[in-house]
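Hi everyone, thanks for coming. Today I'd like to walk you through one structure at an easy pace, so please keep it open in front of you as I talk.

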Amino acid sequence: MPRRRRRSRVSALEGGREEEAPPEAAAVPSALLTSSQQTEAAAEQILLRGIFEIGRGSCDVVLSDQALRWRPIQPERPTGDSKYDMLCKEEFIELKDVFSVKLKRRCSVKQQRSGTLLGITLFICLKKEQNKLKDSTLDLINLSEDHCDIWFRQLKKILTGFSNRPKSLKILLNPQSHKKEAIQVYDEKVEPLLKLAGIKTDVIRSTNVLAHSLHGISHVVTATLHIIMGHIQLVDVCTFSTTNKLLRFGFSAMFGFGGRTLALAEKCRWMSPSHRRDFAVMKALAKLKPEDCEISFLPFKSSEDVQERRAQGSPKSDCNDQWQMIQGQFLNVSIMAIPCLCSVAPRGLAPNTRLNNGSMALIIARNTSRPEFIKHLKRYASVKNQFNFPFVETYTVAEVIVHPRNNSSRYSPEEEEEPHETASENSFPWNVDGDLMEVTSEVHVRLHPRLISLYGGSTEEMIPK
């Protein structure tokens, strides 16, 4: 939209007699607008104009189909008074950032349902630093019931027009997460925002491994506001299959150390999540051993090739594509279609991929000493390059086939004190999105570009620098 001089983003978001707009007011006559306002009116449809008190001062407020703008009402001053011009600068909020509107009333204990009208409150989604979103409010104070009713109904009509925003949700809640405080966090921080936005909810218990990568930050209010505002992201998805059999869909997988660690953790469900994870990591490191594997992969081509393949309606590779193959002893194999941001890896387990760039990151750690492998793992928690080791290889791929060539992951009575300690007999443990998948043969991982839509933020700001 065209920009005006001395206009700023809203700064009054914390926080008598009114000139009422007539009930039939659907537009403001052009004669009442300045030349610059008329220019903007050509790009925006002006719906209402009136006077409200905002931040202890009376303001001339204009509502268009795209924004709410206001300017303090001041006595006339000589032209060219720069101090006066700064005081009278216009502020605005875009209506796409508003997620709810309520009539503001002063209620006493005896007045449970209604009280003295004070005006209108807009609930706004603000973007803060580091991908964080924050809910805030803007109060439009006016004591006239008729005046506020006109504005309230018009604002509600505009908000209803955002068709991408959800009206009802099925909430997946893991009661064991966040030190078993997930239910309390939901009740105190999530549910009030959803109710405020008028979203009906139904809660079931589960978990979600995508939140951090989708939002770029582990912040429950940010995640909730992305849902309320209807911020949609297309996300790449992988299929995991064996010969002619689909095993599951997913976004990331680890074979070798990552699979073994999860298999050990699953045997200790009686522990708390953090203790279970730490115990499994330590035990897997103590019994660190490589897998003898053959890994075939199809290198990722340019975005034009991906678009052409997608236009043909099939993510499958062409028979003429050049597959590559490597083999040897590998401590860990990671295949990831998303960055996999998490508390232990702020840059992500796969920082060079994105949510929907049509490729997967294949990360291979060849056999090395335990101290060197631990150095590699520790690098994930820092800003240093965790792949800058001679035994670590990275590839950008579209498909991967992992073919184990020995039984090192399977139960061996000579090596383990407890039967089936890391996986079921005759199977290999995989960690797929934090879930254990046990497979007896090779696994074919194929990428499906932008297969599903999920609520999340901009993919351009996902990876911290």
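Let's begin with a term we need right away: a salt bridge here is a side-chain nitrogen of Lys or Arg within 4 Å of a carboxyl oxygen of Asp or Glu. By that rule, the structure holds 15 salt bridges. Please keep in mind that this is a predicted model.

Let me show you a few of those bridges. In one of them, the side chains of Arg-69 and Glu-90 come together, at 3.8 Å from N to O. This pair connects distant parts of the chain, since Arg-69 belongs to strand β4 (residues 67-72) and Glu-90 to strand β5 (residues 90-94), with their positions 21 residues apart in the sequence. Are these two charged residues buried or exposed? To answer, we need a cut-off: a residue is called buried when its relative accessible area is under 20%. Arg-69 has 5%, so it is buried. Glu-90 has 4%, so it is buried too.

Here is another bridge. Lys-96 pairs with Asp-97, and their closest N and O atoms are 3.6 Å apart. Lys-96 has a relative accessibility of 45%, so it counts as partly exposed. Asp-97, on the other hand, is buried at 14%.

One more bridge: Glu-399 and Arg-446, with 3.5 Å between the closest N and O atoms. Again the pair links distant parts of the chain, with Glu-399 in strand β17 and Arg-446 in strand β20, 47 residues apart. Glu-399 is buried at 1% relative accessibility, and Arg-446 is buried at 18%. Some salt bridges also share partners, and that is how Glu-94, Lys-96 and Asp-97 are joined into one network.

We have just met β20, so let's stay with that strand. Which strands does β20 pair with? One partner is β17 (residues 392-404), which runs antiparallel to β20 over four bridges. Within that pairing, Val-400 has Val-445 of β20 as its bridge partner. Another partner is β11 (residues 232-242), which pairs with β20 (residues 443-455), also in the antiparallel sense, over nine bridges. There, Gln-233 is placed opposite Leu-454 of β20.

Let's step back for the overall picture. The secondary structure consists of 11 helices and 20 strands. The chain has 465 residues, and 46% of them are buried. It exposes about 25,000 Å² of surface, and 49% of that comes from carbon and sulfur atoms.

Now for a helix. Why can we say that helix α7 is largely enclosed by the rest of the structure? The helix covers residues 220-229, and eight of its 10 residues are buried, so the surrounding structure encloses most of it. Among the buried ones are Val-221, Leu-225, His-226 and Met-229. A small general point is handy when you look at any helix: an α-helix has 3.6 residues a turn, so residues three or four places apart point the same way. Just past the end of α7 comes Gly-230, with a positive phi of about 70 degrees.

Next, the aromatic rings. How many aromatic pairs does a search of the whole structure find? The search finds eight. One of them is Phe-255 with Phe-428, a tilted pair with 6.2 Å from centre to centre and 55 degrees between the planes. Phe-255 sits in strand β13 (residues 252-256) and Phe-428 in strand β18 (residues 428-432), so this pair ties together parts that lie 173 residues apart in sequence. Phe-255 is buried, with 1% relative accessible area, and Phe-428 is buried at 2%.

Compare the rings of Tyr-380 and Phe-387. Their centres are 6.3 Å apart and their planes stand at 80 degrees, so this pair is edge-to-face. Both Tyr-380 and Phe-387 are buried. Ring pairs also bring Phe-255, Phe-428 and Trp-430 together as a cluster.

Rings can have charged neighbours as well. Take a look at Phe-162: the charged end of Arg-165 sits over its ring, 4.2 Å from the centre.

To recap, we went through some of the 15 salt bridges, the two antiparallel pairings of β20 with β11 and β17, the mostly buried helix α7, and some of the eight aromatic pairs. Thanks for listening, and do go and find these residues on your own screen!

Conventions: Residues are numbered from 1 along each chain as its sequence is written. Side-chain values use heavy atoms; hydrogens and water are left out. Two strands pair if DSSP finds at least two bridges between them. Buried means under 20% relative accessible area, exposed over 50%, partly exposed in between (1.4 Å probe, protein chains only). Accessible areas come from the Shrake-Rupley method with a 1.4 Å probe; for residues, only the protein chains shown count as cover. Rings of Phe, Tyr and Trp (its six-membered ring) pair if their centres lie within 6.5 Å; planes under 30 degrees apart count as stacked, over 60 as edge-to-face and the rest as tilted. A charge sits over a ring if NZ of Lys or CZ of Arg is within 6 Å of the ring centre and within 35 degrees of the ring normal.
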